[in-house]
Structures are given as C-alpha cells and as structure tokens.
There are 2 protein chains.
Amino acid sequence: MQVKQLGEQALLKRLQRYCPATVVGDDAALLSVAVGYQLVVTTDMLIDGIHFSDRTTSATDAGWRAAAANLSDLAAMGAEPLGITVGLSLPGELEVDWLDGMYQGMVDCLQPFNTPILGGDICRSSVTAIAITALGQVRSEQAIRRSAAQAGDAVVVTGAHGASRAGLELLLHPEQGQGLTEADRALLIRAHQRPQPRLDAVQTLRALGSRSAGMDSSDGLADAVLQLCRASQVGAQLERNLIPFPPSLTAWISEAQAIDWALYGGEDFELVLCLPRDAAGRLVEQLGAGAAIVGSITASPDVLLRDQSGLYPEQPLSLNQGFQHF
Amino acid sequence: MQVKQLGEQALLKRLQRYCPATVVGDDAALLSVAVGYQLVVTTDMLIDGIHFSDRTTSATDAGWRAAAANLSDLAAMGAEPLGITVGLSLPGELEVDWLDGMYQGMVDCLQPFNTPILGGDICRSSVTAIAITALGQVRSEQAIRRSAAQAGDAVVVTGAHGASRAGLELLLHPEQGQGLTEADRALLIRAHQRPQPRLDAVQTLRALGSRSAGMDSSDGLADAVLQLCRASQVGAQLERNLIPFPPSLTAWISEAQAIDWALYGGEDFELVLCLPRDAAGRLVEQLGAGAAIVGSITASPDVLLRDQSGLYPEQPLSLNQGFQHF
C-alpha cells in the first residue's frame, strides 16, 4: 500500500503508534528539563539519495542512522537524550511499509536510551527527506564544548575509525574485499548501517571528572580535529601509527588507504575528545575496544599528521577531503 | 550567485550571521528553561511548491510564514518562545539571495518576540524544504491543551478568519476582487504573506486566569473546532452569523463564500479557545479587532454549524473540506 492510498489522517494515526500516547495530540509536545540542567538542541536533515539510498540502506537502517546521528550530536555535547521530533516529507507513492520500517529503525536505536519520539510533521514532496531535532539535557558545567581544548591536551578517539566507509564500499561494490572473512565483512557493513552513538563514553568521561573539549566524528576524524582546533584556537599533531582502524581492513586494502578512510571517511560517530594526558590515559583504558590517544594539542595553529616511521612526510590535515554537501 | 558556487563552508558562515554568536559553533545549541516551566516543542516542514511558491511568496515571506507557523503552535500551547532550529535542504542552483531573504524573513518575524535562531542543518536536495523546530516554555499549569474543553464553554476566535485564503486567491488570480479598494486588497494579501502569531492573545488570556482549552487555526477554523471536540470528547454548535471574516470580502464574494473561506481556508493562524462564558466575554472585549464568541461546546458529540436566520439548514462541520496533504 502507498502513502497516498492511506490518506493523511490514517497516516498520522499510524505513525503516532511510535510515540508515547501522553506526548502527542496537541499543537506541540510538553516535556521537562531537570533543575540545574541546560537544554541541548540539535537538528539534522537526511535526504533520500544523499544520506541514504535503497542500494545501501533498508528502511529500518535509514531510521536507525537518522536517530543515531542525532543522539551522537547529543553525546558530543555531553548530554543525555530527552526525545526527538521527526519532520518528514515524502512522495505519495512511497510504500507505507517503508515508513513503518523507518520508524521502527528509529525506535530500535532510541529504545536503549529510553528516548521517545515526541511527534513531528509530515507532508508531501517529490523527495523523501527526514528532519530530526534531538533534545537533551546536560548540567551546565558538564557540557562538552569544541572551544575548550588546550595546548598539551591529549587527543582521544572513543573507537576505531574507517569502518563505516569500508562498509559503504562493500555495500556499493560487493565484489570488493575478497580477503575478508564473512564475519569481518558483516561487522564492517553493520558499522555503516547501525552506528552506535557513544552516550556510554559520555558517562565514562563524566565519572573521570576531567575538563574536556570534544565533538563527534560524523564528518570524519580529520574534520573533527580541525574543527576543535579552529574553535579552540590551537593546533594538533596526530600520529599516523596511533590512529585506530579495524584490523581486518589490512586483509583488503593498504594501511595507507585504511588510514585515509579513518581520517576522511566519516560517519563513524565516535567522539573526539581533548583532555589532560593523565585523564586521557584513564579514559582510553576504561573504554577499551579501539579507544586510543591519537596525538596531542599544540599551541602552534598547524594541524599535522606525523609519521614516526619516517615513511611518509609530515602533512597538514585538510578539510577539503571530507564530504562536501555543495 | 548560486549556492553551489558559494560552497558549504562559506554558506554555513553566511547563515550563522542570522544566529546569536553565543549559541552556534558546537554540535548542538545550549539554552535554559526557567525553573517551574515545561519545555514545549513543535516541528513543521514546508516544501517549495506546496507551502510556498515563487508565484505567491517572496523569499522573505516564505521565511516569515515558516517562523510564524511555528510561533503560532507555541502560542496554541500557551507558551512563550525560546528559539527555533532550521533544517534546510535545497538545490545547488538556488540563488544565495533567496536564502538570505528567507533567513531575513524568519528574523523579521522572530525579532519582536526576542526569539533567536539556534542553528540547524543544511544539505543538498532537488527540492527546497524548510524544517523548523520551535522551542518554548510554559508553566505546567498554564499549558493550553486540546483536551480540556467542557460542555457549556464558549468557543472564542482571537480574530477574523478567511483573510489568508482571500489573499492567496488575489495572488493567484490578480484579476479577481475588482470591487475591493487597493487598501483592502493589500490587507488581504498581507494576511496571507505575513500572518501574525497570536502570542499577544496568550498573555491576555493568562491575565484572565481562566481555565481554557485551545489550538491554532492553521488548518482552518472548522478543523480546529473538530480537533478540539475530538480531543475533549465533546461537541460544538457554531453560529454562522457570529463567524468573523474581513468585512471587505462582501465587496467581492458572497457571504456564504466568505464563511466557507473562514471555516475551511486555513492559515489564518488565530487561536481557537474554549473557556467559561464569562471569561470568554472579557477575553473578546480585551482582544478587540475581530475576536468573537462563535458558538459553544456541547455534551452531545456533534459538531454543527447553525444558522439563526433560517436561510441555511443546520450542517455538520467536515474535516474533509480542509487541506489534505495526501
């Protein structure tokens, strides 16, 4: 059945099943922010054919990724999630099954964090677009800002990078990656389809009680470091040999290619944090699995990738190799 | 100049001029909700060719209307605005001037209410779509819900209806409305292009201290009354002769047509409120200019339009004459 056969009223009623009954049915949703907390708000827009496509993304995966990207932005601020709103535009010819799958994917991603869909809006368009606004809360003094990095800080990543880019490549070109085991192949594809927002890492960080700056690596690790340095008016040196990528990648591509994907591939949705070296060491130890110190913040404004082996020349990281929307 | 010639980084920098410097530059915006208040959240999606078009809507008007529609939803909840986020998808060929105009229109509408743009997201698509999420705050006990109407309540509209529909008609068919003065024509067109969210009426209502139910009439007066009755499990009787429409309309169309536009035209963005008759009388008196008691809430579930003159038979109001997205 297509959306236009269902009609608007029936469509709204169907989608409201995915929202708590207590929050829908008015012109706006009401919710509470705890005393002493600030509200955190972030908006993402996802477009069919650009952020997801039938070739690589099922309806449930599209929903999961949309929700995960927004929860990741909340994690990047050190916030705990309160809920999301969903604005949808879609063609009348869209299958209702697709829409159900998309909402189910969102709910699957949100549920472990007890995060409700607070309502939204739906309208007709020739292109499917999903606009999500995520709301969270954070104690004012615990908000993680981009502008708080200091020279001498260690740069920490909460997990390996490049897996999402590798998974996308395998989805687009299934003939690739012959050297991978089936299990490794499935893990890489899952990293692309079902990224995990690192709200858990926020709790680990908070328990350390350390000052920190940070953001997520949705646009790539290199982009995150460059943005952090720009906002904090500092520079950074990353060490090529410290950048964690899935070890299985070397059964498929060169190490240089793997590091390129780790730096510029994007959509890994890990956190990139700058904090004093002692605290950084403890954080990496507690996070385990792919978390690593990848370099340090410098007073000089350059953002450089170094190679201790001497095989590669020192090179500046570049914003232009990341994904450009226009 | 086109958006794709400007590039993403320059585009973001350009649009950030419309946001307070203190709230942008991180993965999410931070803001405060006052103690004792609940957060109010509403999302609207507007699509080029459906909610606005070059034929009827300049870039500034498109921006104004998008902001106004969302502020109206906050007013409908009895809330005061805190800020909006803007998700934008647009073709690379869009003129940067259009985008500037759209943001200026939003700011023009928001400024009298000291409401900032808190950031958002921008991406490429074949269709221009604007997704706005508005945030507001309201004291829990002062939230205006749809479900609180009681039999015996008066039904109040905060202003005349049908002007937006008339203005749209004049924009689409400039040869129409020969009987109108230039001033009246301009007022009707302005009602369509620059609707005023009734946050002022919320303050008037609050000062009365009366219990009330309500919503806005963005989808038409008839739709609002039907939704209120459905949510409150009551009915209503509206009096045809009490429904306020711009008096100038009778120099152009029949009274029956004017009332049809008032009931089903939509986008007048007035509030439709249900409250005890005494308080309703005082509210209408204080609001002036087009505000009126248009009927009353009944225990019987029917929603009827009556005609005291006897010219028209009693008829049920219908949801299906309003705008359907699918």
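**Strands, helices and two chains**

Colleague: Let's start inside chain A. Which residues are buried on the two sides of strand 6 (residues 154–157) of chain A?

Modeller: This is a predicted model, where local features need pLDDT of at least 70 and side-chain atom pairs count only at pLDDT 80 or more, while totals for chains, interfaces and linings use all residues. A residue is buried if 20 or more other C-beta atoms, placed from the backbone, lie within 10 Å of its own (exposed: 12 or fewer; partly exposed: in between). Both faces of strand 6 of chain A are covered. The buried residues are Ala154(A) and Val156(A) on one side, and on the other Val155(A) and Val157(A).

Colleague: Which residue of strand 9 stands opposite Val156(A)?

Modeller: Residues are numbered from 1 along each chain as written, and chains are lettered from A and ligands numbered from 1 in the order written. Strands (E, at least two residues) and helices (H or I, at least four) are DSSP runs, numbered from the N terminus. Strand 6 of chain A runs antiparallel to strand 9 (residues 271–275) of chain A, and four bridges join them. Across from Val156(A) in strand 9 of chain A you will find Leu273(A).

Colleague: And which residue of strand 10 is the bridge partner of Val157(A)?

Modeller: Two strands pair if DSSP finds at least two bridges between them. Strand 6 and strand 10 (residues 292–298) of chain A have four bridges, in the antiparallel sense. There, Val157(A) is partnered by Ala292(A).

Colleague: Now a helix. How many of the ten residues of helix 5 of chain A are buried?

Modeller: The buried residues of helix 5 (residues 163–172) of chain A include Ala163(A), Arg165(A) and Leu170(A). Among the elements covering them are helix 6 and helix 9 (255–264) of chain A. Helix 5 of chain A is largely enclosed by the rest of the structure, because the number of buried residues is seven.

Colleague: At roughly what angle do the axes of helix 5 and helix 6 of chain A cross?

Modeller: Residues are in contact if their C-beta atoms, placed from the backbone, lie within 7 Å. Ala163(A), Gly167(A) and Leu171(A) are among the residues of helix 5 that meet helix 6 of chain A, where the partners include Leu188(A) and Ile189(A). Axes are lines fitted to C-alpha atoms, for helices over the stretch in contact, with angles from 0 to 180 degrees between N-to-C directions. The axis of helix 5 comes within 7 Å of that of helix 6 (residues 182–193) of chain A, and the crossing angle is roughly 105 degrees.

Colleague: Let's bring in the second chain. Which strand of chain A gives the most to the side that touches chain B?

Modeller: In total, 56 residues of chain A are in contact with 56 residues of chain B. The copies meet through the same surface, because 100% of the interface residues of chain A are also interface residues in chain B. With nine residues, the element of chain A that gives the most to this side is strand 2 (residues 37–47).

Colleague: Which residue of strand 1 of chain B stands opposite Val41(A)?

Modeller: Here the pairing goes from one chain to the other: strand 2 of chain A is joined by three bridges to strand 1 (residues 29–31) of chain B. These two strands run antiparallel. Opposite Val41(A) stands Ala29(B).

Colleague: Which strands stand at the edges of the sheet 4(A)-3(A)-5(A)-2(A)-1(B)?

Modeller: This open sheet has five strands and mixed pairing. From one strand to the next, the twist averages 20 degrees. Each edge strand has a single partner, so one side of each is left without a neighbour in the sheet; the two are strand 4 (117–124) of chain A and strand 1 of chain B.

Colleague: There is also a sheet with strand 1 of chain A. What is its strand order?

Modeller: Strand 1 (29–31) of chain A stands at one edge and strand 4 of chain B at the other. Strand 1 of chain A has three bridges to strand 2 (residues 37–47) of chain B, running antiparallel, and Leu30(A) has Val40(B) as its bridge partner. The five strands of this open, mixed sheet come in the order 1(A)-2(B)-5(B)-3(B)-4(B).

Colleague: Which residue of strand 4 of chain B is the bridge partner of Leu90(B)?

Modeller: Strand 4 (residues 117–124) of chain B is mostly covered, with six of its eight residues buried. Strand 3 (residues 80–90) of chain B pairs with strand 4 of chain B in the parallel sense, over six bridges. In that pairing, the partner of Leu90(B) is Arg124(B).

Colleague: Last one: at about what angle does helix 3 of chain B run to strand 5 of chain B?

Modeller: Helix 3 (residues 59–76) of chain B lies across strand 2, strand 3 and strand 5 (129–139) of chain B. Its angle to strand 5 of chain B is about 30 degrees.

Technical notes: Contact = placed C-beta atoms within 7 Å.
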